[in-house]
Amino acid sequence: MTLTLTRRRGVETAPPARRAGQRGADIRAGYTFLLPWLLGFILLAVGPMLSSLYLSFTDYNLFEAPTWIGLENYTDLFADDRFLQSVQVTLSYVVFGTPLKLAAALAVALLLNNATQGQGFYRSAFYAPSLIGASVSIAIVWKAMFGDDGPVDQGLGFFGIHLGGWVGNPSMTMPMMILLTVWQFGAPMVIFLAGLKQIPTELYEAASMDGAGPWRKFVNITFPMLSPVVFFNLLLETIHAFQIFASAYIISNGEGGPAGSTLFYTLYLYLRGFSDFRMGYASAMAWLLVIVVGVITLLFFRTSKSWVHYGGDAR
Amino acid sequence: MSAPSTVPAAEYSTTAEYNPKPETTLGRTLRSVAFHTAALALVAVVLYPALWMITSSLKPNSEIIGNPALWSENFSLDNFVTALDGIGGVTTAQFFTNSLILAVGSVIGTVLSASVSAYAFARITFPGRSMFFGMMIATLLLPFHVVIIPQYIIFQQLGLVDTYVPLLIGKFLAADAFFVFLMVQFMRNLPRDLDEAARIDGAGHVRIFGSIMLPLMKPALISSSIFAFIWSWNDFLGPLLYLNTPEKYPLPLALRLFVDQTQSSDYGAMIAMSVLALLPVLAFFLVFQRYIVEGVSTQGLKG
């Protein structure tokens, strides 16, 4: 204790020259250590972002020099039926898939939170799909499972429900894709479970004394206390959902079919950029995505003030 | 409503009033049985696709579609024999090697670059640090797709398309902010006295980082390595953009090729190859599940 005290004092009373030297050394060291990230940030993020902003105002096919066309790409987008369809497909996936996935995650987390035994096992078992769900392998399996006479069709047939194959049916591909994302509820569930463990049990005891039932405890204690975690999961899962690619690509053979029902935004962007080589058009799509995701993030933060409760003082 | 004499009446009565039935042992057992029944049923539903995949890989083609049962009398490894032959004149072993090169490269690059950058954010004071930190956080939320076109153009002009450079360079430049963030958070929780003491003893930042921080960061380095490996192993878009020759394909691209060329004619081999492609991920999960699940719950990492 005395040792640290004298050491601390030693630093504080160091002559100004040495402290200035230390500061200079810190600045040099700081930027040296930061160099890998800084290089990556400039060369792989900021630079490309600016150049894609520029490209979005041009006609560019990768082989000839880009020609400036102003806002034409953006105005063309809104006259492009396939683009509008990709927006609709992606939005319905985000709007239905994400809340369902989070609801499943929260429900299972609440169930597991009361477990006295086996919680570790269940947690791992439910988490496993999150690790493999976005892979090509699982997309192939999903496609086989939801095909004509696949196990899903057969299983539903057992209950007298005959939907046929989901893969080839434009009105069933979206439920199939949503099931694929809901299946991966494990990752947000694990985060919810960690959040639930932070809620002091005294709160529930006090509520029980006041005669609160399970529903009132959930509404008045669990949800408010968990709201920062809900917010975190909602934000990340929403942004994540906008970017689904591999599963959609594999399930539709890279075409977004049938009838454009799996033409997700990123898939259409990829097709425009790397099949049609309309790099300017694809860049405009990319920037629209950034703007939409940015606006959604802002909206989330704005509205969060009314329903997210952070412990202690206001931020 | 009479309180047991051992408990002061004033304190206990409020509780007793609203908790009239203390749970009996039988009640607790029943609740536990009900919980485990529900949880196990849910596990069965959730794991069904994975089990179906594994058992289908062992079934003859005729039994895969049109038969939701998991069990078959005709299990064999034939599908795996076909799958190991590979596709397009390239063996599956080659695809495996390619995936491994990319994944190991990603792990090395990520651990090196993210830990060094995280040290700057967490432990060194310099002007611009908080601004850059904010920007780093912003890139966490940035859709990756906004940079793929310019990046492709750059790498194409450098003649680096169809090499592993575009797939690995980002890992060596800490482009995945998740790992930097994870390590910054971890380092901030390490006691500051350690580096102050070392500093008094004359150690510079390089020594403090190398001999004090790195050894203490082992848990963060391990979970980062696991995730860097798995994400690289499963990555599809990157290789799809940059690789053209099948000899260089990692497994996800090989699988796509397999799907394209066989269509639905050989489901068995296709699923067997899907299983092979997931084996390392599943093995990692079984061995490191504690690390993985703990990593997710403390750092909020996405799977």
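# Exercises on a predicted two-chain model

Nine of the 12 residues of α9(A) are buried, so this helix is largely enclosed by the rest of the structure. The structure used in these exercises is a predicted model, with an ipTM of 0.87 and a pTM of 0.88.

## Exercise 1: a helix in chain A

Identify which residues of α9(A) are buried, and check the length of helix α9 (residues 186-197) of chain A against 1.5 Å a residue.

Solution. Begin with the burial, for which a residue needs 20 or more other C-beta atoms within 10 Å of its own. The residues of α9(A) that meet this condition are Gly186(A), Ala187(A), Pro188(A), Met189(A), Val190(A), Ile191(A), Phe192(A), Leu193(A) and Gly195(A). Turn next to the length, where the expected span is 1.5 Å times one less than the number of residues. For the 12 residues of α9(A) this gives 16 Å, and because the end C-alpha atoms are 16 Å apart, the expected and modelled spans agree.

## Exercise 2: the loop between α12 and α13 of chain A

Describe the backbone and surroundings of Gly257(A), Pro258(A) and Asn253(A), which lie in the loop between α12 and α13 of chain A.

Solution. First place the loop, which runs between α12 (246-251) and α13 (265-274) and contains Gly257(A). The peptide bond that leads from Gly257(A) to Pro258(A) is cis, and its omega is near -5 degrees. Then consider exposure: Gly257(A) counts as partly exposed because it has 16 C-beta neighbours inside 10 Å. When neighbours within four places in sequence are left aside, Gly257(A) is in contact with Ser252(A) and Thr262(A), whereas 31 Å separate its C-alpha atom from that of Glu64(A), 193 residues away along the chain. Finally, Asn253(A) has a positive phi of about 55 degrees although it is not a glycine, and with 14 other C-beta atoms within 10 Å it is partly exposed.

## Exercise 3: helix α8 of chain B and the residue after it

Determine where around the axis of α8(B) the buried residues lie, and decide whether Ala174(B) is buried or exposed.

Solution. Start with helix α8 (residues 165-172) of chain B, in which Pro166(B), Leu167(B), Gly170(B) and Lys171(B) are buried. These four residues cover an arc of only 145 degrees around the axis, which means that they are on the same side of α8(B). The spacing fits a general rule, since an α-helix has 3.6 residues a turn and residues three or four places apart therefore point the same way. Just after α8(B) comes Ala174(B), with a positive phi of about 50 degrees although it is not a glycine. Ala174(B) is found in the loop between α8 and α9 (177-188) of chain B, and it counts as buried because it has 29 C-beta neighbours inside 10 Å.

## Exercise 4: the domains of each chain

For chain A and then chain B, set out how far apart the domain centres are and which residues and elements form the contact between the domains.

Solution. In chain A the assignment gives domain 1 (16-72) and domain 2 (74-307), whose C-alpha centres lie 32 Å apart. Their contact takes 12 residues from domain 1 and 11 residues from domain 2. On the domain 1 side, α2 and β1 (58-59) of chain A each give two or more residues, and α2(A) gives the most, with three. By class, this side divides into six nonpolar, four polar and two charged residues.

In chain B the assignment gives domain 1 (9-76) and domain 2 (83-299), and the C-alpha centres of these domains are separated by 35 Å. Nine residues of domain 1 of chain B are in contact with seven residues of domain 2 of chain B. At least two residues of the domain 1 side come from each of α2 (25-58) and α3 (61-64) of chain B, and α2(B) gives the most, with four residues.

## Exercise 5: the contact between the chains

State how many residues each chain brings to the contact between chain A and chain B, and give the classes on the chain A side.

Solution. Chain A brings 83 residues and chain B brings 78 residues. Helix α2 (residues 16-55) of chain A gives the most to the chain A side, with 19 residues. That side has 56 nonpolar, 23 polar and four charged residues.

How values were computed
Residues numbered from 1 in each chain as written. Chains lettered and ligands numbered in written order. Predicted model: local features only at pLDDT ≥ 70, side-chain atom pairs only at ≥ 80, totals over all residues. Domains from an automatic or database assignment. Contact = placed C-beta atoms within 7 Å. Nonpolar A, V, L, I, M, F, W, Y, C, P; charged D, E, K, R; others polar. Arc of directions from axis to C-beta.
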